[in-house]
Amino acid sequence: MKGSSVRNTTWDELEVGASAFLERTCTAQDMYLFAHVSGNLNPITLPSGEDAATKGEPVAPSLWVGSLVSAVLGNLLPGPGSVYRAQSFNFVERVRVGSRLRIEVKCIEKREKPLALFETTVREADGHLVVQGIAEVDAPLTTIVTEAHNLPTIILDDHEHFAPLIAAAKRLPPLPTAVLGPDDRHALGGTVLSAEEGLIVPILIGDGGRIRAAAKDLGVDIGRFEMIDVGDDREASKRAVDLVNTGRAAAIMKGNVGAGPMLAAVMKRDGGLRTGRKLSHAFVLDVPTLEQLLFITDCAINIAPDLSTKVDIVQNGIDLARACGIETPRVGVLSAVETVNPNIPSTLDAAALSKMAERGQIKGGIVDGPLAMDNAMDVTAARTKGITSLVAGRAEVLIVPNLESGNMLAKELTFVARAESAGLVVGARVPIILTSRADNDRARLVSCALAQLYIHWSRTGRSACALPDVSRAAE
C-alpha cells in the first residue's frame, strides 16, 4: 500500500534458514489477466459464463502459480534488487479458482556472492503441497529501501455480477410474459434466449409476418410460442395489459415498439395497471470498477419528478435492490453539490428524502443526500470533504435529479466505462421489462431475471438470491 516502505535483505545479511511467505487467493480475474499477458488461451484455464461464479472448474496455468514465487523473492526475501538466475518447479497438484494459497521461500544455501539458493513451495490453505522447487537468486549487495507501488487499475470487460442473479431467477418458475413487438433481431433474440434459459414463457404480440421474418433471419423456431397477430402498437399494448388483467401474463416486455403506447396502456385509469405508487425505471449496472451492482433511477419514465414522485422513485429503487439480494440498500440522492443550497432545488429534495427515510416514510434502506457523484461513490472523496455517512462513498442505489441526468449517467457508464446494463420499470401491478431497442440479448436476459426476482420478493418478502440451489444440492 502507498506510504509503507520495504527494505531488502542483502547477501551479507541473508542467513541460511531465513524464510518469508505471502498468501493469495486465485480468482477468475487472475486467469483472464494471465491469458492477456501470456497469450495462453487454453480453454481449461479460462472461466466462462456462470462457471466463473459458481463451479470454479478452470485450472490455473501452472506458470501463473509459479510466478507467485517471484513475488515473495522480489518483494520480501531477499526483496528489492533480487535477480533470478534459475528456477525449477515440480507441479504436484492443480490450482483452481477460489483456492487460497500460501507461497513460501526459504534460504537453504549461500554460494559465491551474490548467489543464494531458496527452497520454494506453494501450498493450499489446508497444507497440501501444490508446487515445490529450487530458486537460484542473485541477492542484492546494497541496502534498498523503497515505497511500495500502487499499480494502475486494470478494468476487464468480462465480469460476473449478473451471473448470480440469473442463476437465482432460473430456480424460480418461468414467468408468463407478454412481449410487445418482438420483430427484430435483438427483441426476438433476447426473448428466445430468456425462454430457453427458463426465465419466461413468452406470448408474442405484434405483426405476425414481421415476427416470423425475424425468426427466419435468426434461424430460431417460434412455433412453440403463443402469438397474437396485431399490426398496431397501441392495440398490441392494450392486448398485453388485457393478458395481465386476465391473469395470463405476469410481466410485460418491450420489444421493437415505442415506449409511449405501452406506457399509455399501462397507465390508463380504467383497465390499466396502476397502483398507489408511481411508476419508475431503474438501470441495474454491472460496472467493472465496482465490487457490487449499481442501481440508477429514474432514467426513463419521470422527466422532472417533484418531491412526492421522488419518494416513490426511492422506494421503488430500494425494493428492487432488496429483491436482488441487498438486505439494506445504501441510497445516495445525487445533486451537483453535497450541501443544501436553496438555489439548487435538487439539494432541497435530497435533504427532505433523507429526513423522510429517518422517520420511516421511506422503508428498507439507508438514504442520504444531497451527495455529489464523487462523494457518493468514493470513500476518499467523501472523507476529503468531511462527510460522515453510512452512504457516502458506498452508495448502491443512486437517485438522480431528473430523467436527463439519469439517462446520461447510465449510458456513460455503459458506453464509456463498459458497464453491462439491464432495466426494469416497477410501480405497476406487474414489472415491465423496459430495454432500449439497441440493447443486446444479454441485456434482455438479465432484465427478465430482474422481473423474476422482483415478483418473488413482492410476493414473499424474501430475495430469491438467498434460496438454495436445489439442482446443485442434489448433485
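**Close-up views of salt bridges and domains in a predicted model**

**Figure 1. Arg-85 and its salt bridge to Asp-138.** Arg-85 counts as partly exposed because its relative accessibility is 45%, a value between the bounds of 20% and 50%. In this predicted model, the side chain of Arg-85 forms a salt bridge with that of Asp-138, with an N to O distance of 2.6 Å. The pair connects distant parts of the chain, as Arg-85 belongs to strand β3 (residues 83–87) and Asp-138 to strand β7 (residues 129–138), 53 residues apart.

**Figure 2. The salt bridge between Glu-109 and Arg-111.** The closest N and O atoms of Glu-109 and Arg-111 are 3.0 Å apart. Glu-109 has a relative accessible area of 31% and is therefore partly exposed. Arg-111 is likewise partly exposed, because its relative accessible area is 36%.

**Figure 3. A buried salt bridge between helices α9 and α10.** The side chains of Asp-349 and Lys-310 meet in a salt bridge, at 3.0 Å from N to O. This contact joins distant parts of the chain: Lys-310 is located in helix α9 (residues 307–323), whereas Asp-349 is located in helix α10 (residues 345–358), and 39 residues separate them. Asp-349 and Lys-310 are both buried.

**Figure 4. A network of salt bridges linking three residues.** The participants are Glu-338, Asp-374 and Lys-385. Side chains of opposite charge can pair when their charged atoms come close. In total, the structure contains 20 salt bridges.

**Figure 5. The loop that holds Arg-171.** Arg-171 is found in the loop that runs between helix α4 (162–170) and strand β9 (175–180). With a relative accessibility of 29%, Arg-171 counts as partly exposed, because this class lies between buried, under 20%, and exposed, over 50%. The view also includes Ala-410, which is 239 residues from Arg-171 along the chain. The C-alpha atoms of Arg-171 and Ala-410 are separated by 29 Å.

**Figure 6. The two domains of the chain.** Domain 1 covers residues 5–147, and domain 2 covers residues 277–427. Their centres, taken over C-alpha atoms, are 43 Å apart.

Notes: Residues numbered from 1 in each chain as written. Predicted model: local features only at pLDDT ≥ 70, side-chain atom pairs only at ≥ 80, totals over all residues. Heavy atoms only, no water. Helix = DSSP H or I, 4+ residues; strand = E, 2+ residues; numbered from the N terminus. Buried < 20%, exposed > 50% of the residue type's maximum accessible area, 1.4 Å probe, protein only. Domains from an automatic or database assignment. Salt bridge = Lys/Arg side-chain N within 4 Å of Asp/Glu carboxyl O.
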